[in-house]
Amino acid sequence: MRMKRYFAAMLAVIIVLSMFNIGRKANSQVIKAKERTEDFVVMSTGDIDLEYMTKEFNDSEQTVNNDNLVVCEMTESDAERLRKKDDGIIVEKDIEIFASSKAVNKHRRVRTEKEWNMKAIHAEKTNQKDTGENIKIAVIDSGVDDYNDIVLAGSVNFLPGEENVSPLYVDVTGHGSSVAGIIGAQDNGEGITGIVPEAELYSAKVFDKENCSTISRVIDAIYWAIEQKVNIINMSFGTVQDSPALHRAIQDAEKSGILLIAAAGNGELVEYPAAYKEVMAVGSVNADGEISDCSAGGDEIEIVAPGEQICSTGAFGGVVITAGTSMSAPHITGVAAKLWGKDKSVSAEFIRQLINVSANQFTKTSECGNGLVDYSYAEKIYDEFKSTYDEGETLNKNQSDIEPNEKDILSFGEVDYVEGRWSGDAHKAGIVNSSLTKAEINVIKQGTIYPDQCSAMVKLSKHPYWHGGYKCSNYISSYIYATNMALALKSGKNAYAAAKPAGLSDEDKSSMANAVNGLKWSGILTSPTKKNKCLFIWGMAIHNAMDVYSHSAWGRINGVWQHLDHPRPINDNPKNGLADRTDANAFPERYSTAVKVAKKSLSTYVSGKAGNVYDFVPANAYKGAGTNWTINKLERNANVLSNLAANSLKAYSCNRG
């Protein structure tokens, strides 16, 4: 009896313990299940093959093109396990990084007799013409719109889903184009003139419509720039969080002989990558020659440059006023390229020290570093500094024999720039204060790239009326119909209320109206007001109009007229004569014409009218058309709408297919 009680008691204990263990295990599984997966960057610091990562973990939507880098979905526990498993890899969260721009102060005014910022650094006119020729500069940013005012030697888009976006309007926010404009906008009587127009500019798009990127995209872009053998990388962005993977990419770029320049940031502390010792951290001054209130401070600040009320390149050939250390960094980049072009054999460190030695230290080091950049003084002391410069020595050692820069800091007082706006003739007027605001232009730009992103519109073969395709019923009429729909939305009506212009088939009209009426605005626009909906659809209309000069273009190649096909065959040699329609160097006059058409369209919008056939007949356009390049069915499409317009376009048109 006693034994039975003993065994019964033991059995009860076993059951209780089993239930406890089961409960603990179940609880553990619940805890593990609650640990969410995130995107992590895994970077090899040696010769480790990371292919096994893609087998063990799910791939992220963030794809990269570097063999030493993968982005995978995993938990923090997984990441920690990998860190302990192998010392040859870096594992970190794929954090977000933002452009170092800030809102323009609408109340501060800046004089416009010339760009004050160029005068402030003594770089508005130099007697050293073309010294920056063959200096290669990578702008890692929100992309750079590729047209005649900014000439790109190369470009790449790292944003998922934007593989088909045209380089003509790739920069949705305008941030990258403004940065590139300060560096190298052409001296062509349009917009501004950059510091070094003769340099070779390379654009790497990593930022989205919110000017946000992941670390993995930035790292990918840095290695792309290394592959392009650039001399300088401009990075007008930052993050407060240190990233070992980003730092490794920065170090690899420095070892490749690249000069790295970055915005210090607009907070209290200098951000990364500017905070890394391999990078020139650039702070900001205003038009009075004072350190900007928004400019980060600290010992990492190396140099300062203008960063408030900066006039630079805007969308569709306009100009824009912008601010932040984002705009300070390209001033240093431009000056560095100009100086480096005097002798390409010198090192990046030589150029870095020359800029620092020649700067005007007008206030304490923690605010301005080595001082305000001064191109003319750097040019003046160039030969003397070069003769005494000792590679490998510190700045203090190399500057000991150089007379300090004691120029008076220029002050430009009250100035006339107000808010950043688009205006077709802003470069002539000198004051950018009319027409469309920067925010409105940004909404239009979102609409402009949308047909290249939306799965229901992206295919030219199925939706030629959104892509300037000559196989639609009439690409001019489809442009006009899109603007009619835009104005209908602005008045509170739906797309079906828009009038159908002559030349547009019922089938194309129905497809276009269904596409617009089916848009889920809450997922597209931050503020889906009637006006913003109108701006967005007008941007889609501009997309169609500009695409005419890509998808319906023919060029005379080796004496034979050929459709500018896309993409170029993988094994094709460019020397065989085939041309890619997305290549800005393939009959660039068609790109400049497309931009003029876009500007005409924007002027039509500002007038309050719907688009019309004369938007395709802008002044001073179609240079070389009819001789070197031509547009298929241009006259035929115009003739349905206006005989007069058709006659104006006859010489630029062909009829094929």
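This passage describes the confidence of a predicted model and the salt bridges found in it.

The chain has a mean pLDDT of 85, and 84% of its residues reach 70 or more. Confidence falls below 50 over residues 105-113, a stretch that nevertheless has 31 contacts in the model beyond near neighbours in sequence. The pLDDT is also under 50 over residues 568-578, where the model has 13 contacts beyond four places in sequence.

Side chains of opposite charge can pair when their charged atoms come close. In this model, 15 salt bridges were counted. One of them joins Lys-93 to Glu-38, with 3.3 Å between the closest N and O atoms. Lys-93 belongs to strand β4 (residues 89-93) and Glu-38 to strand β1 (residues 38-44), so the pair ties together parts that lie 55 residues apart in sequence. Lys-93 is partly exposed, at 35% relative accessibility. Together with Arg-36, Glu-38 and Lys-93 are linked in a network of salt bridges.

A salt bridge within a single helix is formed by Arg-83 and Glu-80, at an N to O distance of 3.1 Å. Both residues lie in helix α3 (residues 76-85), three residues apart, or about one turn of the helix. Arg-83 has a relative accessible area of 28% and is partly exposed; Glu-80, at 32%, is likewise partly exposed.

Asp-374 and Lys-407 also form a salt bridge, with an N to O distance of 3.1 Å. This pair links distant parts of the chain, 33 residues apart: Asp-374 sits in the loop between α10 (365-368) and α11 (375-388), and Lys-407 in the loop between α12 (395-398) and β17 (421-422). Asp-374 is buried, with a relative accessible area of 3%, whereas Lys-407 is partly exposed at 31%.

Notes
Residues are numbered from 1 along each chain as its sequence is written. This is a predicted model: local features need pLDDT of at least 70, side-chain atom pairs count only at pLDDT 80 or more; totals for chains, interfaces and linings use all residues. Side-chain values use heavy atoms; hydrogens and water are left out. pLDDT is the predictor's confidence in each residue, from 0 to 100. Contact means heavy atoms within 4.5 Å. A salt bridge is a side-chain nitrogen of Lys or Arg within 4 Å of a carboxyl oxygen of Asp or Glu. Helices (H or I, at least four residues) and strands (E, at least two) are DSSP runs, numbered from the N terminus. Buried means under 20% relative accessible area, exposed over 50%, partly exposed in between (1.4 Å probe, protein chains only).
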